[in-house]
Each structure stands twice: as structure tokens, then as C-alpha cells.
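Student: I would like to go through this structure with you. May I put some short questions to you as we proceed?
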Amino acid sequence: MPGGGEVAAVTDASFRLRPGECLALIGESGCGKSVLASALLGLLPGNAHASGQALLGDLDLLTADERLLARTVRGRRIGLVPQSPSAHLTPVRTVRSQLRETIRALTGRHGGEEAAADRAAFPADHLDRHPHQLSGGLAQRAATALALVGDAPLLLADEPTTGLDRDLVERTADELRRHVDEGHALLMITHDLAAAERIADRVAVMYAGRIVELADARAFFGPPGPRHPYASALLDALPERSFTPIPGMPPELGALPDGCAFAARCPSATDACAAVPAFDGAVACHHARSPRA
């Protein structure tokens, strides 16, 4: 940061993602979800650094150099649906041109732009338009189409349903699920809990840079439900549930409290929360609900 200070945007994140599995990463804006995805692709800003390991097979993504990431990883082994698709589309080229180049580079095939567009519900009559001629939802679908071209073993989808109406959200979610069912792994970063419930196998909840719960999706969204108070509050805030807002605001990452970062907003907080709760592989909370409750 300016002046030489540091902010830990993501701390002690640990999980496995298997072929044929979708992990939904959820949490309020600013909790570190997109930073984690950027670290995996070597796309962190120049003033950032990462430690630990992020293994894709036997390749450590955190230590791989830019040449290796650009030539053999991005697009080929890891596909990306970016959070800001209009910023990732080439502004001076049509969607068709970008799809054609991507198909040729990743598969060696010529043609097939219409089929690639259809996978993401991108209308064929818009293929010859430039990015600035697209709505936010169309730009999102174009970016998704480009990400799916290479059928990469791992797909990182950062808010893939942003700007889409509900019918298109469901179609996009179903296409991503089909991608998973074909044996690919999907890390989906999303605020859309309905989309996460539709396609995820497991759910990871982030708060203030840490994973605070990792659970089977069916148990998380249904009975018995989340174990962490923050995860429970996220679900309770949904309009189709109790529509109860979470009080207060998340802490700034540069001014985190010494103990549990959620304590100031948590109805279950006690003196024990003055210490940071350890993550046991399932939940990080001094007052976690029993998994059998």
C-alpha cells in the first residue's frame, strides 16, 4: 500500500477442487474472493505478492513464471470468466473475430463461432458487433463463450451471472453445470446464492479475507444449514427467506480486529471471540452450530 503498509487480502485459504466438481465461493464484496482467483492465474497487481502453494496437478501456480502461465495455463488449463467482461474484451474487434481467434489458438479448428456463442446464450445476430455495442449482460455472455472454448480442466467464473435476467441466469448456470458434469472443475465466485444452490457441489464462505465455512452444498442450502453465524445470516438476508439484513458493515482489511472479524456483527459473540478462531476444515467459529443440529 502507499507508504509501505501491507494488507492481507486473503489469509490461510485452503481447499481442494476435484474434476467434475463445482465449488461456489461466496461472501460480501471486498472479502477477497476475486483476489484469490487472480492469484491462481498470476494476475495480481504488481504491488501484491502471494505465499503458499496452489497446485494444478504438479504445477505450483504461485511460483510459475509469466511465460509459462501465458503459454500453457491461461485458456488451456484454466479458463476465466472475468468479473468485468467489457474490460477483458478487445474493444476494436468484433465478438466473432475474438471467438474465431480463440477457437483457432486453443483447439486448432477453424470456424465454429456460432456454436461457441450458443453455449453461453450469446445471440448469433450480435456476433459482428464490437464490445461497446453490447449491453452488460451481452458482454458477460460473450466473455463466458470465450472462456468455454478451450474446455479447460479448471474454470474460474467470477460473477458469471452478473447483468443477466433470471432466465439467462438459469441457462448460464445449467451450461456451467454441464461443463462440470463433463469432468471439469469449476470455481464459481458469486453473490447469486440461487445460482450457487443450482449448480454447486460444495460452498466456501469467505469473510474478511478468510474462509470461515466449507460445506456440502445440499446440507448448506437445506437442512441442517450453515454452521457459521455469518453464513446463516447470508441466507437469512435472501428475499425468499427471512429478508433480514446483516447489521453493521464488514471491517476494512487494513484495520481488522485482533480476534474474530465477524464478532462485532455476531449475535453469538462472547469473550472467546477475542481470539481468531482456527479453521478445522469445515468451519472457523468459537460458536459454530453442531453439524447434527
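Tutor: Please do. This is a predicted model.

Student: Where is H126 placed?
Tutor: H126 lies in the loop between α5 (113–119) and α6 (136–148).

Student: Is H126 buried or exposed?
Tutor: H126 is buried; its relative accessible area is 14%.

Student: And which residues does H126 touch, not counting residues up to four places away in sequence?
Tutor: On that basis, H126 touches L134 and L138.

Student: Let us turn to α4. What span should its 13 residues have?
Tutor: Helix α4 covers residues 95–107, and at 1.5 Å a residue it should span 18 Å. Its end C-alpha atoms are 18 Å apart, which agrees with that value.

Student: Which residues of α4 are buried?
Tutor: The buried residues of α4 are V95, R96, S97, Q98, L99, T102 and I103. The elements that cover these buried residues include α5 and α6.

Student: What follows α4?
Tutor: G108 follows α4, and the phi of G108 is positive, near 80°.

Student: A change of topic: how many disulfides are found in the whole structure?
Tutor: The search finds zero disulfides.

Student: Why does C260 not form one with C273?
Tutor: The sulfur of C273 is the closest cysteine sulfur to that of C260, but the two are 5.5 Å apart, which is too far for a bond. A disulfide here requires sulfur atoms within 2.5 Å. C260 is also buried, with a relative accessible area of 14%.

Student: And what of C266?
Tutor: The closest cysteine sulfur to that of C266 is in C285, at 6.0 Å, again too far for a bond. C266 is buried, with a relative accessible area of 15%.

Definitions and conventions
Residues numbered from 1 in each chain as written. Predicted model: local features only at pLDDT ≥ 70, side-chain atom pairs only at ≥ 80, totals over all residues. Heavy atoms only, no water. Helix = DSSP H or I, 4+ residues; strand = E, 2+ residues; numbered from the N terminus. Buried < 20%, exposed > 50% of the residue type's maximum accessible area, 1.4 Å probe, protein only. Contact = heavy atoms within 4.5 Å. Expected span 1.5 Å × (residues − 1).
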